[in-house]
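Colleague: Could you take me through chain A of this model closely, sheet by sheet, and then show me how it meets its surroundings? I would enjoy one connected account.

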Amino acid sequence: MNIVIENVSYHYGKKVALDSVSLDLTPGINLMLGPNGAGKSTLFLLLTGLLNAKSGLIKVNDFDYQKNRSSIMADMGVVFQQSTLDLDLSVQQNLLYFAALHGISPANALDNITPMLAQLELADRLKDKVRTLNGGHRRRVEIVRALIHQPKVLLLDEPTVGLDIESRALIIKHVRALGDSLGLCVLWATHLMDEVRERDNLIVINQGKINAQGITSQLCKKYNAPDVYQLYRQLTNNCEVM
Amino acid sequence: MNISAYHYCFNGIVRREILRFLEQRSRLFSSLIRPLLWLIVFAAGFRSALGVSIMEPYGTYITYQQYITPGLGCMIILFNGMQSSLSMVYDREMGSMKVLLMSPMPRSFLLFSKLVAGAILSTLQVIIFLLITRVVGVDIEFYGYITAIPAIFLVSFFLSALGLMLANLITQLENFAGVMNFVIFPMFFLSSALYPLWKMQEASLWLFWICQYNPFTHCVELLRFALYGQINGSALAVVLGASVVSAVFALSSFKARK
């Protein structure tokens, strides 16, 4: 499973959000680092088919969105930056609804959900209303939801922003394990420096342009940067990081 | 995707809407309070002013309350249709609409399922309203409730589709006030919901013709006849046609984001 993005541009009115972006994403962790407003969320909306690129081409596993939207969506799991859970429904009801949207029966969905919730320490919250969960727990539910249909691509748009240390650590560990064990192609957008690892495929985006892409350690060598922090500052004209 | 996948998807969408409705009990209350106020207060006040009459499908003299009941039922549907579809404007930007549109099912099928789910909810609310009207003396035979169900469902589907069409044109939820002023109120008042069209004809011929061309008039008449176990053929044709046109237009022009 791979994602190919070729010369994709998008603008909101006169404001350019993405400017001739080209990327090649392969299985494993692809970590997209960039400041707020860099174009990460726009790229996610394009990858999820919620926006149409003004120019350029996006292909997921050689399928393009115009002809094979259904096949692409069937293999894609997404956690959006803003929560999209229904607060008035329970965890189970939210998850079964999403499973239904993928044509999965409630019984099969429950079989998939149960072990994932246990891994994310949420097994006992299945019947609870989402409204009663804290931010970290809601994020974990969204991750389970993104995986119900066993996708091959997982898109995470700043999934750990605003979470406590424990929830962040659990989510990072879980997603990295998924990338390793299931061979998922994970595109993980973040502006949090400590989420980057040496062997990640790092993508640095700023002002709608890809400034660098490659294995983190190799990029550091190439740009003669002692660490990711310095690398990032070099590539983004000294943008501050968190 | 096979047939069973479509089946699970459709069930999931309908089930979610019903669950949400059951969780938000105030929605039922607020949807019923407006027509009940019209029925109990407005109709009582105007009862003698407008008098009573014999007209189809009624076989005898009826009270004004009896007359406006189908119109008020359609009022519930009109508000529901507009509100639920306009909530899509909000959802499109930041809520559940993203999740819905991430489904591998065809978007037209997803939106159609959502329209059907909305129509089922509206049908339930109108049936509850019609049962409550018995308390204030509106007399409907038992079979009338049964024969009204398909008419209510069809009207609900049409008005939901119309709402979705509007949602395609509206970019901000704040514009709902504009929809109230320019869509809901004109549709409601320029119809046979509150007064028979022959009375409108006596008052103003051009207003009469506007009412005649207003599809909401035909929604009201379809329900009025259905409550008495009758089919108003022309109303059925107009509502069916308008449903198909609005649904096709709404489903084909829906955009995930503006």
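**A close look at chain A**

Modeller: Happy to. Let me start with the sheet whose four strands run in the order β2-β1-β4-β5 in chain A, an open sheet with antiparallel pairing. Keep in mind throughout that this is a predicted model. The edges of this sheet are taken by β2 and by β5 (63-64) of chain A; each has a single partner strand, so one side of each is left without a neighbour in the sheet. At the β5 end, strand β4 (residues 55-60) of chain A pairs with β5(A) in the antiparallel sense, over two bridges. If you want to find that pairing on screen, look for K59(A), whose bridge partner in β5(A) is D64(A). A helix accompanies the sheet too: α1 (residues 40-47) of chain A packs on it and touches β1 (3-12), β2 and β4 of chain A. The direction of α1(A) makes about 65° with that of β2(A).

While you are at the β2 edge, please pause at S20(A), which lies in strand β2 (residues 15-25) of chain A. Most residues other than glycine have a negative phi. S20(A) is not a glycine, yet its phi is positive, at about 50°. As for its surroundings, S20(A) has 14 other C-beta atoms within 10 Å and therefore counts as partly exposed. There is a further residue of this kind to visit in chain A: N224(A), again not a glycine, has a positive phi of about 55°. N224(A) sits in the loop between α7 (216-222) and α8 (228-235) of chain A. Because N224(A) has 9 other C-beta atoms within 10 Å, it is exposed.

Now for the six-stranded sheet. In chain A its order is β6-β7-β8-β3-β9-β10; it is open, and its pairing is mixed. Here β6 (76-79) and β10 (209-215) of chain A stand at the edges, and each has a single partner strand, so one side of each lacks a neighbour in the sheet. From one strand to the next, the twist averages 15°. Within this sheet, strand β3 (residues 28-33) of chain A pairs with strand β8 (residues 185-190) of chain A in the parallel sense, over six bridges. A handy place to begin tracing that pair is G28(A), which stands opposite C185(A) in β8(A).

Stepping back to the whole chain, you will find eight helices and 10 strands in chain A. Its radius of gyration is 18 Å, close to the 18 Å that the globule rule gives for 242 residues, so chain A is as compact as a globular protein of that length. The C-alpha trace of chain A spans about 50 × 40 × 35 Å along its principal axes. Of the 242 residues in chain A, 43% are buried. Looking at contacts in chain A with a separation of 6 or more, 69% join residues 24 or more positions apart.

The chain also splits into parts: domain 1 of chain A covers 1-75 + 151-242, and domain 2 covers 86-150. The C-alpha centres of these two domains of chain A are 25 Å apart. Where they meet, 11 residues of domain 1 of chain A are in contact with 12 residues of domain 2 of chain A. Helix α6 (residues 165-181) of chain A supplies the largest share of the domain 1 side, four residues. That side, the part of domain 1 of chain A touching domain 2 of chain A, divides into seven nonpolar, three polar and one charged.

Finally, chain A has a partner in the model. Between the chains, 23 residues of chain A are in contact with 25 residues of chain B. On the chain A side, the elements giving two or more residues are α2 (65-74) and α3 (91-101) of chain A. The most comes from α3(A), with six residues. By character, the residues of chain A that touch chain B divide into 13 nonpolar, eight polar and two charged.

If you would like one stop inside chain B, try G81(B), which lies in helix α3 (residues 64-94) of chain B. G81(B) counts as buried because it has 27 C-beta neighbours inside 10 Å. Leaving aside residues up to four places away in sequence, G81(B) touches G118(B), S122(B), S156(B), L159(B), S160(B), L162(B) and G163(B). V155(B) is 74 residues from G81(B) in sequence, and the two are 9.7 Å apart in space, C-alpha to C-alpha.

Methods:
Residues numbered from 1 in each chain as written. Chains lettered and ligands numbered in written order. Predicted model: local features only at pLDDT ≥ 70, side-chain atom pairs only at ≥ 80, totals over all residues. Pairing = 2+ DSSP bridges. Axes fitted to C-alpha atoms, helices over the stretch in contact; angles between N-to-C directions. Domains from an automatic or database assignment. Contact = placed C-beta atoms within 7 Å. Nonpolar A, V, L, I, M, F, W, Y, C, P; charged D, E, K, R; others polar. Buried ≥ 20, exposed ≤ 12 C-beta atoms within 10 Å, placed from the backbone. Rg over C-alpha atoms; globule rule 2.2 N^0.38 Å.
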